[in-house]
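Reader: I am new to this structure and should be grateful for a close look at a single part of it. Would you please describe how one helix is packed against its neighbours?

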Amino acid sequence: MKSTDSLSLTLNLNNATVQTQAAFADTLLTVLRDRLQLTAAKRGCNQGVCGACTISIDGKPMRACLSLAHNCVDASLHTLEGLETDQTLRALQSAFEQGGALQCGFCTPGMLMAARALVQSNASPTVEQVQQALSGNLCRCTGYRKIIDAVRSAAQSLRGEP
Amino acid sequence: MAELQGLYRPTTLRAALELLAQDAEARPLAGGATLVAMMNARVLEPRALVSLGSIAELRGIRTLEEGTVRIGAFTRHSETAADPGLSNTLAVVREAAGQIANATVRNMGTIGGSVAFADPGLDYPPALVAANARIEMTSLTGVRSLSASEFFVDWYTTALLPGELVSAVLLPAAVEGVGRYHKLARVAGDYAIVSVAITRSSTGAVRVAVGGCGPTPLSDEGVNTLLSGAPSTQTIDAACARLVELADPVDDVRGSAAYRRQVMPRMLRSALGEST
């Protein structure tokens, strides 16, 4: 039987063409973390529940752990590592830092990716809208209050309000 | 351990059906929200997968000439939840789509994958029964469709035959009126403990389907007749009693069977109140 452990794989990742290897069964999360050493996306539950692996696929937040890498060859993929100069992400990172919206930090990359998608489509999210947008991202430290406040604060600063 | 030996990405439904026919071990892959999670947990170890994500004819929502709304099997929950055409009685399907899992998973999961999975706690099955939807299935030899209530057969079991794929969900033309989907869950995004889907036309015709109270969506023509028009309190009580009698819920981590029997009629009364 032919080994399928290390098939060649080309991805459009963070605005670059990336060559790597992956088995057919490897998820995008496995490829990102274990092959490409891009470790912002975290492996929490590996079941699509915790949200720690949330990345952007074709501009929408999706689960890297539920995406087979070889099924993503036509997609435009973005992880936190590729968004260093993204204005929305920087505003969120700054608000999380200033508002103490993280403790252990494990959920933070996924929270930022989900929050970025929200703020891009809704410049003035209400508390309830933030709660809904982040309902697929679990945090076991903060109790969520400071995360919600930070997302709304980032949205406020992106609107140019003090 | 079995190893995934192939991942095919056909661009036509026919090619996908041919690939599945050539390899009895191959499984169709839709949005991945359930199948890949099961692979990660080693519950399923398919030898080959046929990805349906590149098949244009399976995507999108369109209204056919006679008013039927056709939702392609690969339409994501987020698209269905945002579709303005799903109004009046068909809003029941839009409301159900918007309560599946969470915003991120709704960007992945598809209506075809969901109905083919047929877990009793899912949101679409009762909504599709209440909407009087039909499930379209395509094989290499043709296309057929069944009403949603005929399609869902048992726990995780549908009327799909080997060689068939769900190709679309067909909704009858929206009728002026209301469609609501009420879901009771432990936390937002969980599977339903109990859910109630209801459509009521402006002429008073009612269809009700209940999720989480049996292996398939619970519905009954007699109950629909009782609830249509302007039912008295006693008639509503009789309809609720009938549905509780027909219910076959289980005890599980989300709630006991007795609890489900207790909350279901209360949810139905609440949904009825909101639909009038």
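Author: The model is a predicted one, and the part chosen here is helix α5 of chain A, residues 145-158. Its packing against helix α3 of chain A, residues 108-121, is taken up before that against α2(A). The α3(A) and α5(A) helices meet at an angle of about 45°, and their axes are 11 Å apart. Because of this angle, α3(A) is oblique to α5(A). The crossing in which α3(A) passes α5(A) is right-handed. On the side of α3(A), the contact is made by Met111(A), Ala115(A), Leu118(A) and Val119(A); α5(A) contributes Ile147(A), Val151(A), Ala154(A), Ala155(A) and Leu158(A). Sorted by class, this contact of α3(A) with α5(A) has nine nonpolar residues, with no polar and no charged ones.

The second partner is helix α2 of chain A, residues 87-98, which packs with α5(A) at an angle of about 130°, the axes lying 8 Å apart. The two helices, α2(A) and α5(A), are therefore oblique to each other. Here too the handedness can be stated: α2(A) passes α5(A) in a right-handed crossing. From α2(A), the residues that make the contact are Thr88(A), Ala91(A), Leu92(A), Ala95(A) and Phe96(A). From α5(A), they are Ala150(A), Val151(A), Ser153(A), Ala154(A), Ser157(A) and Leu158(A). By class, the contact of α2(A) with α5(A) has eight nonpolar and three polar residues, and no charged ones.

Taken together, the two lists show that Val151(A), Ala154(A) and Leu158(A) of α5(A) take part in the contact with α3(A) and also in the contact with α2(A).

Terms used: Residues are numbered from 1 along each chain as its sequence is written. Chains are lettered from A and ligands numbered from 1 in the order in which they are written. This is a predicted model: local features need pLDDT of at least 70, side-chain atom pairs count only at pLDDT 80 or more; totals for chains, interfaces and linings use all residues. Axes are lines fitted to C-alpha atoms, for helices over the stretch in contact, and angles run from 0 to 180 degrees between N-to-C directions. Helices (H or I, at least four residues) and strands (E, at least two) are DSSP runs, numbered from the N terminus. Angles under 35 degrees count as roughly parallel, over 145 as roughly antiparallel, 65 to 115 as roughly perpendicular and the rest as oblique. A crossing is left-handed if the near helix is turned anticlockwise from the far one by less than a right angle, and right-handed if clockwise. Two residues are in contact if their C-beta atoms, placed from the backbone, lie within 7 Å. Ala, Val, Leu, Ile, Met, Phe, Trp, Tyr, Cys and Pro count as nonpolar, Asp, Glu, Lys and Arg as charged, and the others, Gly among them, as polar.
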